[in-house]
Amino acid sequence: MSNPAFVYTELQISIPFDQAPWKAISDAIRQQPGFISKTWLAGINNNSVGGFYTFDSTESAQEFVTGYFPNEARGLGVAQTTRLFDAAIAADASTEMGSPHFGGKLQKKPGAFVYTEVQVNRPFEQFKWHERNHELKRQPGLLSKTWLSGLHTNTLGGMDAFDTIENATNFALQDFPETAAKLNAAFYTRIFDATVTEEASRYLKSPIYD
């Protein structure tokens, strides 16, 4: 990948994932310029639907978040969230945490995903990620972490895979708020059930299941 980008999306909708038209949507996503992969996301408790994508360039990712995805949300009649991240700048940090997006292999299938983002403006190269990774490696149930650095915003975040929903929930409710407090910043967390989206994610070549 040259100048690759990650995209996070979430639709303000409540629908059990097995009732979502994921295959039709997936077929449309496959046709988007620069698309490489998507991991589907199904919200715990609220049944929101979203995804974590890899694009081959920031330009392709920007075209997706300004063109295709708003039209998809409009067609479903729901509000939407999108975030765009520089995939290359945090490659070393993500590789150290076994990210499948940088060649890592999970020891087991994930039971849950956690998305996090902290409302700071901190260039990733100025962030002490080695220290944070050392802490995260002791986090119960954490299988991998893909670090995220907001394009144009320098927000800090991650897409984390956990073995169980319980461990993912403990991380989102206990550990991560303490981390954000140390940065004196507001934050955003979401927990997703990984067990219901495996087939859909495999269909869109998610590296989680390689």
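Thr39, Pro100, His101, Phe113, Ser144, Thr146, Met159, Asp160, Ala161 and Ile208 line the second largest cavity. S6 and S7 are the elements that give two or more residues to that lining. Bear in mind that this is a predicted model. A search of the whole structure turns up two cavities of 30 Å³ or more, and there is also a pocket to look at, with about 230 Å³ of space in the largest one. Here's the rundown, from cavities to pocket to helix H4, then the cores and a couple of loop residues.

**Second largest cavity**

- The space in the second largest cavity comes to about 60 Å³.
- S7 contributes the largest share of the lining of this cavity, three residues.
- Sorted by class, the lining of the second largest cavity splits into five nonpolar, four polar and one charged.

**Largest cavity**

- The largest cavity holds about 90 Å³ of space.
- There are 13 residues around the largest cavity, and Val118, Arg132, Trp147, Phe176 and Thr179 are the ones nearest its centre.
- Five elements' worth of names to keep handy: strand S5 (112-118), H4, strand S6 (142-149), strand S7 (156-162) and H5 each put at least two residues into the lining of the largest cavity.
- H5 gives the most to that lining, with three residues.
- The class breakdown for the lining of the largest cavity is eight nonpolar, three polar and two charged residues.

**Largest pocket**

- Which residues line the largest pocket? They are Arg122, Gln126, Phe127, Lys128, Glu131, Arg132, Glu135, Thr179, Lys182 and Leu183.
- Helix H4 (129-136) and helix H5 (165-182) are the elements that give two or more residues to the lining of the largest pocket.
- H4 has the largest share of the pocket lining, at three residues.
- Charge is well represented here: the pocket lining divides into six charged, two polar and two nonpolar residues.
- Arg132 shows up in the lining of the largest pocket and is also one of the residues nearest the centre of the largest cavity; Thr179 is likewise in the pocket lining and in that central group of the cavity.

**Helix H4**

- Trp129, Arg132, Asn133 and Leu136 are the buried residues of H4.
- Looking down the axis of H4, those buried residues fall within an arc of 100°, so they line one face of the helix.
- Glu131 and His134 are exposed on the other side of H4, and Glu131 is also among the residues lining the largest pocket.
- What do the buried residues of H4 pack against? Their partners are helix H3 (91-96), S6 and H5.

**Nonpolar cores**

- The largest nonpolar core has 26 residues, and Val7, Phe17, Ile29, Trp40, Tyr53, Phe55 and Phe64 have the most contacts inside it.
- Strand S1 (5-11), helix H1 (22-29), strand S2 (35-42), strand S3 (49-55) and helix H2 (58-76) each bring at least two residues to this core.
- H2 supplies the largest share of this core, six residues.
- Leaving out residues up to four places away in sequence, Ile29 touches Phe35, Lys38, Tyr53, Tyr68 and Leu204.
- Another core lies apart from that one, with 21 residues, among them Ala90, Val120, Trp147 and Ala168.
- Trp147 ties two topics together, as a member of this other core and as one of the residues nearest the centre of the largest cavity.

**Two loop residues: Ile89 and Ser99**

- Ile89 sits in the loop between strand S4 (80-86) and H3.
- Ile89 has 37% relative accessibility, so it counts as partly exposed.
- Not counting residues up to four places away in sequence, the contacts of Ile89 are Phe124, Glu125 and Ser149.
- A separation of 16 Å lies between the C-alpha atoms of Ile89 and Val120, which are 31 residues apart along the chain.
- Ser99 is placed in the loop between H3 and S5.
- Is Ser99 buried or exposed? Its relative accessibility is 0%, so Ser99 counts as buried.
- With residues up to four places away in sequence left out, Ser99 touches Ser94, Gly104, Ser144, Lys145 and Thr146.
- Two of those partners, Ser144 and Thr146, are also found in the lining of the second largest cavity.

Terms used: Residues are numbered from 1 along each chain as its sequence is written. This is a predicted model: local features need pLDDT of at least 70, side-chain atom pairs count only at pLDDT 80 or more; totals for chains, interfaces and linings use all residues. Side-chain values use heavy atoms; hydrogens and water are left out. On a 1 Å grid over the protein atoms alone, a cavity is a set of points where a 1.4 Å probe fits but cannot get out, and a pocket is an open set with protein on both sides within 12 Å along at least five of seven lines; lining residues have an atom within 4 Å of a point. Grid points are joined across faces, edges and corners, and a volume is the space filled by probe spheres set on the points. Helices (H or I, at least four residues) and strands (E, at least two) are DSSP runs, numbered from the N terminus. Ala, Val, Leu, Ile, Met, Phe, Trp, Tyr, Cys and Pro count as nonpolar, Asp, Glu, Lys and Arg as charged, and the others, Gly among them, as polar. Buried means under 20% relative accessible area, exposed over 50%, partly exposed in between (1.4 Å probe, protein chains only). The arc is that of the directions from the helix axis to the C-beta atoms. Contact means heavy atoms within 4.5 Å. A nonpolar core is a set of buried Ala, Val, Leu, Ile, Met, Phe, Trp, Tyr and Cys residues joined through side-chain atoms within 4.5 Å.
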